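Grab your viewer and try a few short exercises. Work each one through before you read the solution.

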Amino acid sequence: FSDVALTFLAYFAAIGIRFGVMDGVQTVNLRSMEYIQLIALYSAAELILFYMMRVYVPQRYRRIDQELFSIFLANGICLLLLVTWLYLRHISDVSRIMIVIFYGLSSGMIGLKHILVRLAMRYIRRMGFNQKHVILVGNGSLAVQYAKNVQDNPQMGFCVDGYIGEEGTHGLGTWFGRLSQVKEILEGKEADELVIALASDQ
C-alpha cells in the first residue's frame, strides 16, 4: 500500500505548496478529519481502479508506458469524482489550484515509484535473480525466435532451460528429449512456464 502513502504525501505536499510556497489564502481546514477521510476514500477508489486497469499485474507482461498511462488515467478519474463530490456538497472554498497540484504530485510520485521498482527489478534480473525458468516444446523457427527474444531482453526475467524436440538445434539451451517423450520429461523437470512453440510440421 505504498501508493496510498504516496497519495497522502502528495495531498499534504500540495497544501504546503499552494498555501505556503505560493502564499495562497486557505479558507477551509484541509487538514481536518473530514478531508483526511475524503483522501482516504480517494485512495481506496484509486487502488480499485489500479487493479481494474492492471497496474499491479507482473511487470514482465506489461510495458511501462501502459502502466504510467493507467496511473494517470486512474488518478484523473478519481480527481473528477473528487471535484464532483465537492460540487454536490456545494463546497467552493477548496482551492482548484491545490487540487491540480495534488493530481500532478500524486500521479508523478506514484509513476516515479513504479519506474524505480522496474529499474531495480531489471538490475536484479540481469544479475540472474528473480527469474522464471522456461522449457520450450518444439524446436522450429518460433522456438528459436522466442529464445532469442528472451536472450535479448534479460530484464524480463525469463531463462530458457532447454527444449523438447529434435536434437541439434542451436540457441535453445539443453536438449531434454524428443516430443514423443514429453510426458516423461516434464514429470522429471521443474519449470515455472512451459512454452508451446511447435512448428507446423511438428
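Here are three exercises, each with a worked solution.

Some ground rules: this is a predicted model, where local features need pLDDT of at least 70, side-chain atom pairs count only at pLDDT 80 or more, and totals for chains, interfaces and linings use all residues. Residues are numbered from 1 along each chain as its sequence is written, and side-chain values use heavy atoms, leaving out hydrogens and water.

**Exercise 1.** Work out whether N75 is buried or exposed, and find its side-chain partner.

- Locate N75: it sits in helix 3, residues 64–88 (helices are DSSP runs of H or I, at least four residues, numbered from the N terminus).
- Check its area: at 0% relative accessible area, N75 is buried (under 20%; exposed is over 50%, partly exposed in between, 1.4 Å probe, protein chains only).
- Look for N or O pairs within 3.5 Å, one able to donate a hydrogen and the other to accept it: the side chains of N75 and S107 make a polar contact of 3.1 Å.

**Exercise 2.** Find where R118 and E67 lie, and how their side chains meet.

- Get the distance: R118 and E67 form a salt bridge at 2.7 Å, N to O (a Lys or Arg side-chain nitrogen within 4 Å of an Asp or Glu carboxyl oxygen).
- Place the ends: R118 is in helix 4 and E67 in helix 3, so the pair ties together parts 51 residues apart in sequence.
- Check burial: both R118 and E67 are buried.

**Exercise 3.** Do likewise for R89 and E34.

- Their side chains form a salt bridge at 3.9 Å, N to O.
- R89 is in the loop between helix 3 and helix 4, E34 in helix 2, 55 residues apart.
- R89 is partly exposed at 46%, and E34 is partly exposed at 39%.

Notes:
Helices (H or I, at least four residues) and strands (E, at least two) are DSSP runs, numbered from the N terminus.
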